[in-house]
Amino acid sequence: MYWVLLCMDAEMQKTCVQELVLKQRSEILHALCSSGSAENLEKVLDILLAQGEIIWEDYQNIQEPGRALFAKARQLLDLVYSKGVDACGLLLTAIKQVLPEAPVFAPLFLEYNSALEEDFQSTPTKTLLTQRVSLVSELQNCIDCALDVLVTSGHFTKADCNEVCLPIHTPPQQARRLLDHVRSKGESAAKLLLHYIQQKPEFGSPLDQKKLTPSKEFLKYQKKLSSSLSAQSFFLSTYGGDSSIPLDHIYTEVQLEPAHDSADFQGPLGPEDIVSKVGSQNEEADTVLVSGQAGSGKSTLLQRFHLLWARGAALQDFLLLFPFSCRRLNSLDRELSIQELLFQHCCWPDKEQEDIFQFILDNPHLILLTFDGLDEFKHSFSDECRICSPTQRVQAHVLLFSLIQGSLMKGVRKVVTSRPEAVGPELKKYICKEVFLKGFSISGIDCFVRKHHSDSTVATKVLESLKTNTALLGLCHSPVLCWIVSHCHKQLLHYGEGSPQTITDVYLMILQHFFQHKSSVKSNTDFSWLKEHFNTVLHLGQLAFEGIENNCYIFSGTDVENCGITESDLCMGFLFQSKYLSSIHGKSYEFLHVTMQCFFAALHIAFSNNIGHSVIPKLFNLQDMRKAATSAVCFRAFVDMSPGRKWTSVGETIGVETANLQITATFVSGLLSQHHQCLWLLGCPKVIMEKRIKQVVRCLSTGMQKHFKSIPQPAEGEKKSMHAMPGFVWLVTCIYEKQDSRIAKDVMHKLEVTHLKLTYCNIGPVECTALAYVLQYLRNPVGLQLDNNFLGDVGVEQLLPCMHICNSLYLRNNNITDVGICKLIAKVIHCDSVQKLALFNNKLTDACIPHFSHLLKTRPDFLSLRLGNNKITAEGAKLLAEGLKFSHSLQYLGLWGNMVGDTGAEALAKALENSKSLVWLSLVGNSIGSAGACSLANLIKTSTSLEELWLTENRINRTGAECLIQALEHNTHVKSIWLRNNDLSLEEVETMSQRESRLVF
């Protein structure tokens, strides 16, 4: 229909606009409402009101309080449709102005008429309507100042101000309420407001500085808070809070990437990039989510932020920074207000507490709150848990959820860390942007190891050992595993080449490291060190397991005693005393890291005599895990507990966290593998151990079968594909930990698909190792799609063992550089099954193009190569052209979003002019001008196979387009040439569309 519209004259188009609104109704509703914020709808209403297409009564009816967002949007569409062609046209244009990326079509003849906005000759109250769009933008950052002017003049009362500044409203909504109130006050008030806006000083002027000048007591409090934060953050607080390691000496930058592609970010993300509004997906929200897997460095990243702020080295746009740990918030069992939370649990002002708190309320944009470990919070998020009053006392979780939603202290910036799987769609509605924390890069691993060892010789030996063991190098992308490997360098160097290979190996290594410091037996040849301290393992394991089942990570002294843990057990260093909890509960304890707690829980499950036969099946059953997450008990009925045993941990929990159970199950798989069978002698009788081993094997096989059975049957003519369900990658990791090829072979032989999709699965180098280990046993080649993960170069290298079972490989947006691609191509050249590669949105340059050229020369059956959105220039295009000359099979070539220019386009066209296989070519966004278009026209003239040519978003003018039209006269096989967003006028587009229907504008 849209193409038909383009071909009509203006009058005919206008008659179809109403039908266009009707046909796009669902798309328009989704565009206006899908974010959960009313701002997009209100901006569109502002434009319609300003242009006079809707009247004030229409606006009030649509904005009736209490009505759902979708209901308001539907009423708007009904109203506009009833008003006719002009109203429908303005609606479509307004939507494109407010949401330029929305999939809503607006005909080219529709333009936004801003003449009314420039009309200053009308009455002041009318001007407030006709200039509403710009006035909202002007007022939203200076509402308090505008209200002061209106109050001083006598036009507004205190009650009017309170009505405008309800904290539940966003700044743009407050600006609209202010405009509406001023209109109701008459011409004098409207004139005063317009005069103020014209004369108002810019933000940061002397007036603003005077208004924001804090008191002496506030500055004293700021200094006290920063001093306290500096002291708390000076030493590394994770991994047991080793007070001997200053954070500056060990901190290493981690890889941070925005969850959504954004041109606003160039290069590594710093603290200001993370907390700023830049790259926001929801402009009305104030909460930034930093998500990463367990051990990826979230807590250390926040600690670094705290230290930089306290020193005045970063985040200086914020006058105060308040840090919180969700783990410790779990221990607050009394009701408190937000003022009490800030002052009693961060830093107490010595004087003028009320004045300081009022400054915080008056200037929320100058305050930063951080909440570490939302995934460890014992309360599930609910948007029904909310308050607005800063003085109301409620439970800590209600305060946190109200802050995130913005109903409490709207405008305060919040940074929250969590594991990805713990943040559901209900919570994400209130997130302005999400940043993924992806662990160390290769250079980061090198930097961390060298910082960890003052002796450069030792550091070099550790790094050399990692280079010879790529599986272990992949594990070290996780900061916690890199810390373990660095900490246990003596044990690592003793292992020699080939070990450790699995996560279980690494954690056994840290166990060995800690115990050998206390062991009277110094042998490295067996597990004598473990035999000597096996009771300690069981005691700590019981505490860890009971904590995991109760979603508890901080333990009271009573919990520790009830598990039989002695002072000598505590001295081993796995459990340390928590420093920051109130002394009301006495001593409190934590494990070194949550993954260490999971490891000890796994040791308990694998080797304790007090574990029932149903624990392992329940642990591996994902469905049971999810049920457990909504109940107060998980394994309680299956654990042999002493009579009268009562759980007394600080804070009552409400369920079990699936993610930690999965980590625990992964360790259980590794501990009960043949690889570690020498450990079995330390645990239960042989018969019981054999039963547990069989249970694990059965659970892994059954779990995989459930995934396979859930694969829908393909439609007729389509290939059978499998999109990985939650838990698939985890089960693969468990099979890898078992290190039993028979299990992998048995499972994979039952998988019958032609395409395996594993996009957005948080797959890194560790998971790549496991995937390659398992997928290599597939019976038939598959298409393997791993888009939007974080493989990196090491992950690509870990996948190489399974390349022989891939017929196509999709690695979009995986932070891969030339180094990883060169290794991949070297392998693919020798794998005849691989015929398609998709590598767009990575970090490829001209340096890797000779390898692709060599691939095309040596693989006569290669079908598809997509290298879009990389950094390939004209030189790279010339190098690629050398290989294209020899390819007689390539059907799809994608180079969109690079920089090949006219010279590169000419080289590619010349190389492809004799191709009898090329069907599709994309050179979108490559700065190609008319010279390049004329070269491609020669390709069109000679090609007998080309069907689609994409040249959108280039610099082609009329001359280049004429060359393409003339070429099409000689080629009836080509179906379409896409030329949108080039250097062509509307008149030229209309003329050419009529001459050649295969041109798409």
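This is a short dialogue on reading helix packing and burial in a predicted model.

Reader: Where do I start? How many helices and strands are there in the protein?
Author: Start with the inventory. The protein has 49 helices and 20 strands. Of its 1001 residues, 58% are buried. Now take the contacts between residues at least 6 apart in sequence: 76% of them join residues at least 24 apart.

Reader: How do I read a pair of packed helices?
Author: Two numbers describe the pair: the angle between the axes and the distance between them. Try helix H47 (residues 930–942) and helix H48 (residues 958–968). Their axes lie 8 Å apart, at an angle of about 5°.

Reader: What orientation do H47 and H48 have to each other?
Author: Roughly parallel, because the angle is under 35 degrees.

Reader: Which residues meet in that pair, H47 and H48?
Author: H47 brings Ser930, Ala933, Cys934, Ala937, Ile940 and Lys941. From H48 come Thr959, Gly960, Cys963, Leu964, Ala967 and Leu968. By class, this contact of H47 with H48 has 8 nonpolar, 3 polar and 1 charged.

Reader: Why do contact residues on a helix often recur at such intervals?
Author: An α-helix has 3.6 residues a turn, so residues three or four places apart point the same way. Now see another pair, helix H43 (residues 818–828) and helix H44 (residues 849–858). Their axes come within 9 Å and cross at roughly 10°. H43 and H44 are therefore roughly parallel as well. Ile821, Cys822, Ile825 and Val828 in H43 touch His851, Phe852 and Leu855 in H44. That contact of H43 with H44 holds 6 nonpolar residues, 1 polar and no charged.

Reader: And a pair at a wider angle?
Author: Look at helix H9 (residues 132–139) and helix H12 (residues 171–185). The axes come within 8 Å and cross at roughly 120°. H9 and H12 are therefore oblique to each other.

Reader: Is the crossing of H9 and H12 left-handed or right-handed?
Author: Right-handed. Arg132, Leu135, Val136 and Leu139 form the H9 side. The H12 side is Pro172, Ala175, Arg176, Leu178, Leu179 and Asp180. In this contact of H9 with H12, 7 residues are nonpolar, none polar and 3 charged.

Reader: Now burial. How many of the residues of helix H22 are buried?
Author: In helix H22 (residues 396–405), 10 of the 10 residues are buried, so the helix is largely enclosed by the rest of the structure. The buried set includes His397, Ser402 and Gln405, alongside Val398, Leu399 and Phe401.

Reader: What covers the buried residues of H22?
Author: Strands and helices both. The cover includes strands S2 (287–291), S4 (367–372) and S5 (413–418). It also includes helices H19 (326–329), H20 (338–345) and H23 (425–428). Just after H22, Gly406 takes a positive phi of about 90°.

Reader: Can we zoom in on one residue of H20?
Author: Take Phe343, found in helix H20. Phe343 counts as buried, because its relative accessibility is 1%. Leaving out residues up to four places away in sequence, Phe343 touches Tyr221, Trp348, Pro349, Gln353, Ile356, Phe357 and Ile360. Phe322 is 21 residues from Phe343 in sequence, and 9.1 Å away in space, C-alpha to C-alpha.

Reader: Last, the cysteines. How many disulfides does the structure hold?
Author: A disulfide is a covalent bond between the sulfur atoms of two cysteines. The structure holds 0 disulfides. Cys734 is buried at 0% relative accessibility. Cys699 is also buried, with a relative accessible area of 13%.

Conventions:
Residues are numbered from 1 along each chain as its sequence is written. This is a predicted model: local features need pLDDT of at least 70, side-chain atom pairs count only at pLDDT 80 or more; totals for chains, interfaces and linings use all residues. Side-chain values use heavy atoms; hydrogens and water are left out. A disulfide is a pair of cysteine sulfur atoms within 2.5 Å. Buried means under 20% relative accessible area, exposed over 50%, partly exposed in between (1.4 Å probe, protein chains only). Axes are lines fitted to C-alpha atoms, for helices over the stretch in contact, and angles run from 0 to 180 degrees between N-to-C directions. Helices (H or I, at least four residues) and strands (E, at least two) are DSSP runs, numbered from the N terminus. Angles under 35 degrees count as roughly parallel, over 145 as roughly antiparallel, 65 to 115 as roughly perpendicular and the rest as oblique. A crossing is left-handed if the near helix is turned anticlockwise from the far one by less than a right angle, and right-handed if clockwise. Contact means heavy atoms within 4.5 Å. Ala, Val, Leu, Ile, Met, Phe, Trp, Tyr, Cys and Pro count as nonpolar, Asp, Glu, Lys and Arg as charged, and the others, Gly among them, as polar.
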